[in-house]
Amino acid sequence: MTARKPELIAVDGIAGPAIVAAARAALTSIDRRRRSGISHWDASGVFDELAVAAGDAGQPSVRTLLLLYAADLAFRLRWEIRPALAEGRSVVAAPYVDTAIAFGRAAGIDGAWLTSLFLFAPRPTLRRFVGGIAARAGRRGGFVEFGFAQVSSDALGATRGEVVNRMTAHLRAAAKRYRIPADRV
Amino acid sequence: MPPSIRPLSALRRRARQHFTNGSGRRGLLIAFEGPDGSGKTTQRKLFKTWLKAEGYDVVTTKWNSSDLIKPIIKSRKDVHALSPEEFSLLHGADFRHRVEQVILPALWAGKVVIADRFLFTGLARDVARGLDLDWVLKLYQPLLWPDLVFYFSVSPGTSGKRILATRTPRFYEAGQDITDVEDPVESYQRFITRVIREYESLALIFNFITVDAERSIGEQHQQIRALFREGLTRPWSDWNADAVAEWLAMSGARA
């Protein structure tokens with residue numbers, strides 16, 4: 001009998017709490033001896049530091065936030081995800097790449113730029129998309145809630161409701177592409 | 001109106017009109033590039049003083065200096081915690097924030113912006129750290145091209161000699177994150193050789209104006225003045241329309 005390969009399970013969506021709940025469920029579905037843990041966004045603390053920056057430092061744009069998200073993901077891959085996989089353990093990344101791409105696309109960022117930005121991130125073994133609407137604002141909810149709290153509507157280029165609708169549409173299209181049931185988004 | 005349905009083409013047109021209308025001085029972006037120890041900061045200061053005496057409104061922006069991102073980078077550099085990708089992405093974020101908060105507002109207002117290092121610093125250092133040039137260049141999109149790039153060319157030996165005359169190179173400056181050499185001086189020599197090689201390639205690709213930084217300070221300054229005067233007649237680069245349009249869109253179209 002051959003041992004199962006360690007898996008990288010990506011959980012993406014809009015609402016932070018829903019992503020975390022789905023990540024926990026995904027983790028418990030893995031054999032206890034073969035599971036590592038959940039790699040959450042802001043493991044590097046970049047966004048925590050950003051949230052306490054002086055008010056006169058200026059608000060970040062969506063593009064700046066996405067660069068920081070990618071830097072944080074590089075940290076998570078280096079210290080959490082790749083070491084777990086190297087030990088033969090499965091790991092859940094919540095969120096992973098699709099949340100950030102959907103957020104960027106919803107704010108009008110060019111898709112080719114977003115794809116290139118995350119080229120360093122390995123393709124996950126499994127993808128799960130979760131539904132749920134992001135809270136209006138809030139520092140510790142999830143990446144999307146954080147973005148809503150940090151970026152003005154002008155810089156976001158849309159109302160929060162419009163961004164959520166566009167993210168949902170983008171994630172549904174991605175789910176179709178990945179052949180994940182669309183009703184999960 | 002959101003960017004995806006906001007007429008970006010109209011904002012591009014507006015950018016072109018603003019920078020090419022010919023009435024009064026348009027904003028100018030001038031980058032000073034080169035390895036550590038090439039003397040570009042000395043030249044940047046002399047140039048700024050001269051420009052002000054000539055009646056220009058001048059703004060300076062330095063590499064890794066945004067109030068928002070710099071503290072994040074510093075805390076990670078202090079504990080040597082950055083991988084090449086994180087190093088690159090965080091500097092890209094710092095650059096983007098300065099473009100949006102400092103550089104484009106000043107250019108829009110008709111000022112001269114002097115950049116003490118520009119995105120080419122990120123390209124040279126990140127590629128020297130083993131990252132792919134195309135990937136790094138894309139991080140900086142939408143690209144904002146300077147009107148002039150002065151490249152201060154020195155040999156690795158001169159760079160090392162000038163730096164070591166004043167201090168020991170710091171961990172990332174010495175490239176110790178990738179050379180695995182414990183001695184910062186030896187590591188610096190190896191790393192700066194790679195950085196200079198990348199700079200020399202970029203100088204060819206992007207048509208930098210090369211200043212021989214081994215010449216006297218006075219000679220270099222006179223050369224820069226002359227090149228600046230020649231450069232004044234250059235047309236605004238249409239490549240910059242995307243960067244300006246995105247900035248206009250995110251700032252409520254600068255009503």
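This passage describes the fold of chain A, its contact with chain B, and a pair of helices in chain B, as seen in a predicted model.

Chain A contains 8 helices and 4 strands, and these elements follow one another from the N terminus in the order β-α-β-α-α-β-α-α-β-α-α-α. The radius of gyration of this chain is 16 Å, close to the 16 Å that the globule rule gives for 185 residues, so chain A is as compact as a globular protein of that length. Along the principal axes, its C-alpha atoms fill a box of roughly 60 × 35 × 30 Å. Of the 185 residues of chain A, 48% count as buried, and among the contacts in this chain with a separation of 6 or more, 78% are accounted for by residues 24 or more positions apart.

The contact between the two chains draws 30 residues from chain A and 27 residues from chain B. On the side of chain A that touches chain B, at least two residues each are supplied by α2 (46–51), α3 (62–86), α5 (111–117) and α7 (153–156), with the largest share, 9 residues, coming from α3(A). By class, the residues of this side of chain A comprise 19 nonpolar, 6 polar and 5 charged.

Within chain B, the axes of helix α4 (residues 84–108) and helix α5 (residues 119–128) come within 10 Å and cross at roughly 180°; because angles over 145 degrees count as roughly antiparallel, α4(B) and α5(B) are therefore roughly antiparallel to each other. In this pairing, B:Pro84, B:Ser88, B:His91, B:Gly92 and B:Phe95 of α4(B) meet B:Leu119, B:Gly122 and B:Asp126 of α5(B), a contact that has 3 nonpolar, 4 polar and 1 charged residues.

Notes
Residues are numbered from 1 along each chain as its sequence is written. Chains are lettered from A and ligands numbered from 1 in the order in which they are written. This is a predicted model: local features need pLDDT of at least 70, side-chain atom pairs count only at pLDDT 80 or more; totals for chains, interfaces and linings use all residues. Axes are lines fitted to C-alpha atoms, for helices over the stretch in contact, and angles run from 0 to 180 degrees between N-to-C directions. Angles under 35 degrees count as roughly parallel, over 145 as roughly antiparallel, 65 to 115 as roughly perpendicular and the rest as oblique. Two residues are in contact if their C-beta atoms, placed from the backbone, lie within 7 Å. Ala, Val, Leu, Ile, Met, Phe, Trp, Tyr, Cys and Pro count as nonpolar, Asp, Glu, Lys and Arg as charged, and the others, Gly among them, as polar. The radius of gyration is taken over C-alpha atoms; the globule rule is 2.2 Å times the number of residues to the power 0.38. A residue is buried if 20 or more other C-beta atoms lie within 10 Å of its own, exposed if 12 or fewer, and partly exposed in between; C-beta atoms are placed from the backbone.
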